[in-house]
Structure formats: structure tokens, C-alpha cells
Amino acid sequence: MRLATDRIARQRSAPDPRPLVVTGRRGNIERLTAVDAAAAALGLRLGLALAEARARYPDLAVVAEDAADDRRLLDGIADWCQRYTPLLAVDPPDGLLLDIAGCAHLYGGEERLLADLLARIGGFGFAARAAIASTIGAAFAAARFGDAGIVAPGKERTMLAPLPMAALRLPEDTVAALRRVGLKRIGDILDLPRAPLAARFGDDVLRQLARALGTEREPLTPLLPVAAYVAEQSFSEPIAREEDVLHVIARLAARLEPVLERCGEGARCIELALFRTDGAVRRIVVATSRSVRDPSDVRALYVERLASLADALDPGFGFDLARLSVLAAEPCPPEQIGLGERADDADLDRLIDRLSARLGARRVMRLVANDSHIPEVAAAAVPAQADIARENGWAAFRRFRNGVALSPRPLRLLGKPEPIEAIATVPDGPPVRFRWRRAFQEVVAADGPERIEGAWWSEEGGPARDYFRVEDKAGLRFWVFRAGLYRLTAQPQWFLHGTFA
């Protein structure tokens, strides 16, 4: 209820002693959507018309609501709260849901976890209420309408009974309909027959009640996908140096290595989350072209990634928690070492990973074959770390590495064949001279033709092409072709498609 007012108070350059309210238009009336502690102490409540609030207390600080800013702030707090558990969801407009099952013991129990959460949130300047319960519905009701704190398992019914119907997360019109027939508290419907209640007010009332009591399971959709492998470390004294961060990365990767090895998997996408003491969270992701689990490989990737950050790794007052998560893993069986080709492949993978980490995955490309014989579309550039690049690119790479060319074609193709003016001694022969980009080239040697039929089944297939490899007096070599045959076309056109190194 105070997220918006807390945000505005944090943004003020100077304190304002006046009670603060946030307003928004509901229908044709401007109503209060948030009030701070001072305004709440005056008796102002959510939903009250702004005109009535000003009539009671003219000296109010009024600010228009900004749902987008509130959501960004809530998402930021949710990101920070992932230090407690990765199973976290946003409950708009101002709530968060954390599944802490299996996590509380890391903080010394539920009470200490709850106290730590509230203390840190309060230290950031936010008013917060929190509750721990066995169900989402019970925790929601206790935090917003009850005494907060911890609801013991099995005590949900007792806790819910005195609370208003709104604590069941029912629509306002349903709450109003229940109130009109005298059903104002949850305890008023706990023992009522279910069939008449559902027939009159809908199934949503029974569903929300069952979820709050725990007789029906309520799923929690995490804000971010939960990583399969996670290692984290908290620090009694925050760290700030990049060297310390890299040392922690290597240590966390060493903890993940035996787990990945037991499962026969390796990491393909790794995320480093650094939690600052002021609540900011920095997430840095690296990808790999092959499955890895060696800590030295992981550290080397982050050396390059940290060096390439557009903005420096700002630690603020330091990082008090670091988490290394494997977002994507693939099978990584043991490999026999000592074979030259496999070692070369691994070295090339490491080079690709380091270049991609420093320059960006979209700036390190590899050519893969397309299902087409037309030269300009026969290959496509894809990120070198992509699976399709690994599946289709290795055979060609090995053949070129061993000195066996796939075909006598240029390594550099123009994006689109450019027209040239050419003269040939015989109709089907190579050109003896041509002009390209306003420069004349005298051909001293030629080889060809290599005929490539047009894709006749396609609207853009074009005529057949006769390709020639030609060399001029300066030793420059070009790849040119004639589009169309003289016996089929009155005046075939000539194009230059590429150049040789």
C-alpha cells in the first residue's frame, strides 16, 4: 500500500513534512491509490475521493500515480529478493511471493530469514509487512490483513476466520455481494454448505478459500527460470575488487564441477549474479560453444566478459553475495585426451568463447550451409557459438584446415552481384575485358565456365549462370558470371559476384 509513496519519498531532493497521497482516476473520480504513514494516521484510506480528502485536510502533498515506475521498482526489489530464493513471483501492484521451502535453514530458520528480509528492506527506505505460511493464500492474508509474522502449519483456519473477505483475493464486486448478505468475515463462510455458496457467488470463492486453507494446491510461477545448478557464497565483508570477483567465480565453478560431472553434463550458458549492499543486482551472462565444467575455462570467460562491459563493474559499497548459475546444460561425456584433432577443436572452441565474451556473440560469426545451390544464399552467417554452427561448420573447417578446398570459389562474396560491362570474344566464352565500378580490367587469364542453373521453381530463380574465374594484369582475381544463355536470351547480362584473396 505504500510502495508508490516510498518511491516518491526516495526521489525527493528535500524532505516534505506534509502527508503524501498518490491519486489515480477511477471512473470519473480521482481517488487515492496510495497513502504514506502520515496520511494513514489522519484516517485517509485507499479509494477515498481526492476531493473529500482535501476537504478534510487541505494541506496534502498530492502526486499522480505512475504505474510503470511502480512496476519497475517492484521488479527491482524482486530481483534483489532472489538472494533468498530463486522461486519468486511478483504479486502486483505492490507484493512479492517467495517460496522459501528448503532455504530457511541457510539463514538460521524462518524467524531469522523474515527478520533479515524486513531489516534490509527497511534499510532501503521501504515500509514492508511480511508473513510466512504453508500456503500462498494464508501468507497473503496474514501479511496484508492479519498480524503478519509466522503462521504455524495447521493454524490457517484460525488465522483466516476473523479476516475480511478481501483477504481471499476476491474481486471487489464479489466482496461487495458477500457483504450485502451479511458475509463479511472469512469465518462466516468456513462452515457454510459449498454448493449454494458456489451457485450464488461463483466457484472463485471456494477455490480461493481452498487454496488459502491448503486443500487445493496453488502453483507459483517463478519470475525467472530456475537454474538446474547453482552455487553461491555470501561475504561477511563486502568485496569490491574485480580480482576478488574472479577468484569467487573460480571457487563457485569448482563447487559446480563435481555436481556437473556426476550428472554427465556441462554448462552452455552461465549467469553470475552479484548482489550489492545497497540492493542493486548485477547479472552477467556468458555462453559457450561447447559444454564446459572446468573452473579455469569459466574464469577465463569472465575475464573477457568483465573486460568488455560497456559500463564498469560498479560495486557501490561492495557485493555481499555472489551466485553462479548454470542456465543451460548439455551432456558432456568424458573425452579421451591426446588426440590431435579433438585437442584442436577444443582450442578453437575456447578461442570462440573468449572472443564472443569480449566482443559479443553477434560479432563472432561462422558460415553454415543453406539448402540452396545459389551462391548468394548457399551460406548464412550465424553466431559461432550456436548449435547449428557447430553441427554444420566443423566439416568445412577441417577440410580447409587440412588444405583441401571445397570448391575454387572466392572467400569474399559481394552481398549482391553487381552488374558489369563485359566484352567476350565468343558468345559462350569468358570476358576479355570488363568495367566494374568505373574501372576497366583487362583479363589475362580465365577459367570456366561453371554452370549454375537458376531456381526455376522459385519466382526469383532467375536464368542459368555461367561463372568464370578471371585474372587481370595487376594480378587481381575476380568471380564473374553471365546471366542467361545466348541461344535463349538476346543480350545476356554480366555480373561480378566476388573477389579472390
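This report describes the overall form, salt bridges, surface patches and backbone geometry of a predicted model.

**Overall form**

The chain holds 14 helices and 19 strands. Its radius of gyration is 34 Å, well over the 23 Å that the globule rule gives for 501 residues, so the chain is more spread out than a compact globule. Measured out along the principal axes, the C-alpha trace spans about 100 × 60 × 55 Å. Of the 501 residues, 41% count as buried.

**Salt bridges**

The count of salt bridges comes to 36. Three of these pairs are listed below with their N to O distances.

| Pair | Distance, N to O |
|---|---|
| Asp-69 and Arg-72 | 2.1 Å |
| Glu-216 and Arg-211 | 3.5 Å |
| Arg-276 and Asp-314 | 3.5 Å |

Arg-276 lies in strand E9 (residues 265-276), while Asp-314 lies in the loop between helix H12 (295-307) and strand E11 (319-331), so this pair ties together parts that are 38 residues apart in sequence. Arg-276 is buried because its relative accessible area, 16%, is under the 20% limit. Asp-314 is partly exposed, with a relative accessible area of 46%.

Asp-69 and Arg-72 both belong to helix H4 (residues 67-81), where they are 3 residues apart, about one turn of the helix. Asp-69 is partly exposed at 21% relative accessibility, whereas Arg-72 is exposed at 55%. Both residues also take part in a network of salt bridges that links Arg-7, Asp-69, Asp-70 and Arg-72.

In the pair of Glu-216 and Arg-211, the acidic partner Glu-216 counts as partly exposed, with 31% relative accessibility.

**Surface patches**

A patch of positive charge on the surface gathers Arg-179, Arg-180, Lys-184, Arg-185 and Arg-200. One of its members, Arg-200, sits in helix H9 (residues 194-201). Arg-200 has a relative accessible area of 61%, and is therefore exposed.

A nonpolar surface patch of about 250 Å² is made by Leu-351, Leu-355 and Leu-359. Leu-351 is placed in helix H13 (residues 340-359). The relative accessible area of Leu-351 is 45%, so this residue is partly exposed. That value is over the 30% that a patch residue needs.

**Backbone geometry**

Two cis peptide bonds are described here, each ending at a proline. The bond from Pro-92 to Pro-93 is cis with omega near 5°, and Pro-93 is found in the loop between strand E4 (88-91) and strand E5 (95-98). The bond from Gly-448 to Pro-449 is cis with omega near 10°. Pro-449 is part of strand E16 (residues 439-452).

Positive phi angles occur at Arg-437 and Arg-438, neither of which is a glycine. For Arg-437 the angle is about 55°, and for Arg-438 about 70°. Arg-437 is found in the loop between strand E15 (431-436) and E16, and Arg-438 lies in the loop between E15 and E16 as well. Arg-437 is exposed, with a relative accessible area of 54%. Arg-438 also counts as exposed, at 83% relative accessibility.

Note on methods:
Residues are numbered from 1 along each chain as its sequence is written. This is a predicted model: local features need pLDDT of at least 70, side-chain atom pairs count only at pLDDT 80 or more; totals for chains, interfaces and linings use all residues. Side-chain values use heavy atoms; hydrogens and water are left out. Patches are made of residues with over 30% relative accessible area and no salt bridge: like charges are joined within 9 Å, nonpolar side chains (Val, Leu, Ile, Met, Phe, Trp, Tyr) within 5 Å. Accessible areas come from the Shrake-Rupley method with a 1.4 Å probe; for residues, only the protein chains shown count as cover. A salt bridge is a side-chain nitrogen of Lys or Arg within 4 Å of a carboxyl oxygen of Asp or Glu. Lys and Arg count as positive and Asp and Glu as negative; His and the chain ends are not counted. The place of a charge is taken as NZ of Lys, CZ of Arg, CG of Asp or CD of Glu. Helices (H or I, at least four residues) and strands (E, at least two) are DSSP runs, numbered from the N terminus. Buried means under 20% relative accessible area, exposed over 50%, partly exposed in between (1.4 Å probe, protein chains only). The radius of gyration is taken over C-alpha atoms; the globule rule is 2.2 Å times the number of residues to the power 0.38.
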